[in-house]
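Trainee: I would like to go through this structure and learn how its descriptive terms are justified.
Mentor: Then ask about the terms one at a time.

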Amino acid sequence: MKLFVGLGNPGPKYAGNRHNIGFMALDRIAEDHGFAPWRKKFQGQVSEGKFGSQKVVLLKPETFMNLSGQSVGEAMRFYKLDSTDITVFHDELDLAPGKCRAKAGGGHAGHNGLRSIHQHIGPHYDRIRIGIGHPGHKDAVAGYVLRDFAKADQEWLDDLLRGMSDGAPSLAAGDSGKFMNAVALRVNPPRSSTSKPKANTSAKPAPAPEPEDKRSPLEKLMDKFK
């Protein structure tokens, strides 16, 4: 069994925030793959489903970001999971908007949600780092992550969320490479070439057409005897 955790803050006030992209990712997975309706559990919202024979529980902690670890730790103990069975979807300032990366273990890099999870279950869990870009100055970070995505962001955001949903079964099976391929196919779909074929410069030029013979039949006959 796997536990997918999406990070964010609860309530409609925060629903469209950049900080809530982890919630958005889980909502898309639940909707696309026919997971059970969300219900309250573990100080959060839970939805259960399967990818083939692999059971997956989706968890959106409602403790607010800074206390996310309380909810994650409670769920991990209830299901008797190891921290390596957990994948956390979270916003990442150090990745450009529309990018995402799979990562196993590591530090929390100052992310308050990850810091809380570290405190409750340790650092040995997987992450999906979802790029939201950086405002350019550290003093602007708090306001930036708690603002909604702009209208101009909606197209890449939709592609990215759909790509993560497409790749969710592979992620649950432990294949992060296939997960990333699924994301890439949505974010950067292959395009057919519109370039014209190159001219074959090695081919011999076609012979010039012979000039049309405009002589009359009598002139042709007379020319034979010249």
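**Terms and their grounds**

Mentor: Start with one pair of residues: valine 5 stands opposite leucine 59 in β4. Keep in mind that this is a predicted model.

Trainee: What makes β1 and β4 paired strands?
Mentor: Pairing needs at least two bridges between two strands. Four bridges join β1 (residues 2-6) to β4 (residues 54-61), so the two count as paired. They run parallel.

Trainee: Which strands make up the sheet, and in what order?
Mentor: Seven strands form an open sheet in the order β2-β3-β4-β1-β5-β7-β6, with mixed pairing.

Trainee: Why are β2 and β6 said to stand at the edges?
Mentor: β2 (39-41) and β6 (100-104) each have a single partner strand, so one side of each has no neighbour in the sheet.

Trainee: What joins β5 to β1 and to β7?
Mentor: β5 pairs with β1 in the parallel sense over four bridges, and six bridges join β5 to β7, also parallel. Glycine 6 stands opposite phenylalanine 89 in β5, while valine 88 stands opposite arginine 127 in β7.

Trainee: Why is β5 called largely enclosed?
Mentor: Seven of the seven residues of β5 are buried, so the rest of the structure largely encloses this strand.

Trainee: Why is phenylalanine 64 called partly exposed, and phenylalanine 42 buried?
Mentor: Buried means under 20% relative accessible area and exposed means over 50%. Phenylalanine 64 has 41%, which falls in between, so it is partly exposed. Phenylalanine 42 has 6%, so it is buried. Tyrosine 79, at 15%, is buried as well.

Trainee: How do you know that tyrosine 14 and phenylalanine 64 form an edge-to-face pair?
Mentor: Ring centres must lie within 6.5 Å, and planes over 60 degrees apart count as edge-to-face. These centres are 6.0 Å apart and the planes stand at 85°, so both conditions are met. Tyrosine 14 lies in the loop between β1 and α1 (21-32) and phenylalanine 64 in the loop between β4 and α2, so the pair ties together parts 50 residues apart in sequence.

Trainee: What makes phenylalanine 42 and tyrosine 79 an edge-to-face pair?
Mentor: Their centres are 5.5 Å apart, with 70° between the planes. Both values pass the cut-offs just named, so the term applies. Ring pairs link Phe42, Phe78 and Tyr79 into a cluster.

Trainee: How do you know that lysine 60 sits over the ring of tryptophan 38?
Mentor: The charge must be within 6 Å of the ring centre and within 35 degrees of the ring normal. Lysine 60 lies over the face of tryptophan 38, at 4.2 Å from the ring centre.

Conventions
Residues numbered from 1 in each chain as written. Predicted model: local features only at pLDDT ≥ 70, side-chain atom pairs only at ≥ 80, totals over all residues. Heavy atoms only, no water. Buried < 20%, exposed > 50% of the residue type's maximum accessible area, 1.4 Å probe, protein only. Phe/Tyr/Trp six-rings, centres within 6.5 Å; stacked < 30°, edge-to-face > 60°.
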